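Here are some short exercises to work through with the sequence and the model open side by side. Try each task on your own, then follow the solution step by step.

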Amino acid sequence: MKQVKFSARTKTSAAVAILCLGASSYAFAQVEAKVTGRVHFDARNISTDLNTSYDRDSASVGDTFEVRRARIGITGSINKDIAYEVVGNGVGGTTNWIDTAFINYGFNKKAQVRAGRFKQPFSLEEMTSSNNIDFMERSYGNQMAPGKRLGAMVHGEPMKGLTYGVSIFQDGFNEITNQNGLGTKQAARFTLNLAEMNDIKDTVLHIGVGYTGGESSVVPVNSGNTSSAADPITRATIVALRSENRGQANVYRAQIGGDTLRAATTTLSGTTATTVGGLGYNQSANNAITINQKLRGVEFAGARGPFKFQMETFNSKYDAKGTAQNLTTNATADHAMGVEVKADYMEFMYNITGESFTDAYKGGNFGGIKPKTNFMTDYGGVVGNGTGAWQVGFRASKYSANLPVTASGCTTTGSCATSVTSGASNIGSRVQNAESAKTNTYALNWILNSNARVMFNYAETKFGHNIVMLDTNNSDSSTTYGGATDKERVFSVRTQINF
């Protein structure tokens, strides 16, 4: 990691002043800057009973090479107590290039303030960097966690072994996701390391609790289906899960119906025909849906020497509501839908080469394992003088979802177009695929040195009942385009560097 330090005093040059981020001509500023980045390249083989599908929306069930992450940025500090980070993301679906960008005021280590885009305080698994997670992908519960969001946070370590973080944030980069309030979602996390508090050496006894909740808005869109005509009904996804190890997308999905789009109409004036409207794919509704989420988590980790046990539980409740309009008739209806999803995992890790997990634990989180001997001992030396660090691991993970709550409930693979108590109807609302699944993941990791790692993962998933590929079928239960399956096996390999 290359580190550059700058200092500027009275009447310093303009160039150095710029590097000192605007320090005045009479102020002293010490700016530290470090280049940081990571590249994770994956290869994946997926085995199911599904048939081959050429539809673009079913890409998640195919064997693939993938640049999972490619990030580059700068981290550093100003006068040591003001830290900053700006990192860009070279891959992914978002049009906003920024991955993280924040300022951290650390004048008081017990009560620091952070503002910008950063990881919201929730979940041991989420707070562990992707460079250091034990398995290639995080568990089902993590898919419901907020992750990196725009907001502000107070955090710190008020006493040895105790950490906390409390934040307000919004979903997404734009105003519509935040409604009319400032930071309409909140997150909090508190952790204790009982071993550190009681001076128990070479041991971690970590417990933690987390919460995130609040409202955000989303604009429903109509189908991206490429195997049939565009659907006039728009929908907003409340929650969607992908099977672990980057398997099939939407193995469970709950959606609330939104506006019904206007179909094409043709009018004649004499011999002249005029067509207005018309349906296409991925068209937005006029009215937004409000989603209120309450997510609670409990975490535990115990480590001694080369052994580590870790587990978390997640309980997420979603209440969605909004006004849906038929844009052809202008009739309106109140839609409402409630969903509860629970998830948990437990994992075991063992460092075959003897490295201690205690050395990697700091501030309520696990960092990277430093090998006792690097596979390459020096930049000009002979490869093979060291073994690097080797790990084996096992994780058991699962999720379960209830039937969404409308006035009369839903079926597990169909629509929720049932009357609600107000007399309106939830036209277009639906739940799809399996409301439960269990996954066992086996891991073999080779840490060449602190900046390079190779990972091998094999995951077996058993779904509660048969699932199909969504957005490729004319109906939820159709097997015309892809078949159906109740199991999945994924083998994947990752090569990564980070600096």
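**Exercise 1. Place T75 and decide whether it is buried or exposed.**

Step 1. T75 has a relative accessible area of 17%, so it counts as buried; buried means under 20% relative accessible area, exposed over 50%, and partly exposed in between (1.4 Å probe, protein chains only).

Step 2. A word on the source: this is a predicted model, in which local features need pLDDT of at least 70, side-chain atom pairs count only at pLDDT 80 or more, and totals for chains, interfaces and linings use all residues. Residues are numbered from 1 along each chain as its sequence is written, and side-chain values use heavy atoms, with hydrogens and water left out.

Step 3. T75 sits in strand β3 (residues 64-78); helices (H or I, at least four residues) and strands (E, at least two) are DSSP runs, numbered from the N terminus.

Step 4. Setting aside residues up to four places away in sequence, T75 touches E32, A33, K34, T36, Y84 and E85. Contact here means heavy atoms within 4.5 Å.

**Exercise 2. Find which strands pair with β3, and in what sense.**

Step 1. Two strands pair if DSSP finds at least two bridges between them.

Step 2. Strand β2 (residues 29-47) is joined to β3 by 14 bridges, and the two run antiparallel. In this pairing, E32 has S77 of β3 as its bridge partner.

Step 3. β3 also pairs with strand β4 (residues 82-89), in the antiparallel sense, over eight bridges. Here G76 stands opposite Y84 in β4.

Step 4. Look back at T75: its contacts include E32 and Y84. E32 is bridged to S77, and Y84 lies opposite G76.

**Exercise 3. What is notable about the phi of N79?**

Step 1. N79 is found in the loop between β3 and β4. These strands form a hairpin with three residues between them.

Step 2. The phi of N79 is near 55°, a positive value in a residue other than glycine. Most residues other than glycine have a negative phi.

Step 3. At 36% relative accessibility, N79 counts as partly exposed.

Step 4. For a second case, turn to D202, which has a positive phi of about 50° although it is not a glycine. D202 lies in the loop between α3 (194-197) and β10 (203-218), and its relative accessible area of 38% makes it partly exposed.

**Exercise 4. Trace the pairing of β8 with β7 and β9.**

Step 1. Strand β7 (residues 148-159) and strand β8 (residues 162-170) run antiparallel and are joined by eight bridges. L150 stands opposite Q170 in β8.

Step 2. The hairpin of β7 and β8 has two residues between the strands, and G161 takes a positive phi near 90° there.

Step 3. On to strand β9 (residues 185-193): eight bridges join β8 to β9, again antiparallel. T163 has T191 in β9 as its bridge partner.

**Exercise 5. Describe the second largest pocket: how much space does it hold, and what lines it?**

Step 1. Start with the search, made on a 1 Å grid over the protein atoms alone: a pocket is an open set of points where a 1.4 Å probe fits, with protein on both sides within 12 Å along at least five of seven lines, and lining residues have an atom within 4 Å of a point.

Step 2. The second largest pocket holds about 380 Å³ of space. Its lining has 29 residues, of which N131, N132, G367, G368 and I369 lie nearest its centre.

Step 3. The elements that give two or more residues to this lining are β16 (307-325), β20 (389-401), β22 (436-449), β23 (452-467) and β24 (485-498).

Step 4. Two residues in these strands are worth a look. N315 belongs to β16 and is partly exposed, with a relative accessible area of 24%. G464 belongs to β23; G464 and D486 are 22 residues apart in sequence and 7.0 Å apart in space, C-alpha to C-alpha.

**Exercise 6. How many helices and strands does the protein chain have, and what share of its residues is buried?**

Step 1. The protein chain has three helices and 24 strands.

Step 2. Of its 499 residues, 48% are buried.

Key:
Points joined across faces, edges and corners; volume = space filled by probe spheres on them.
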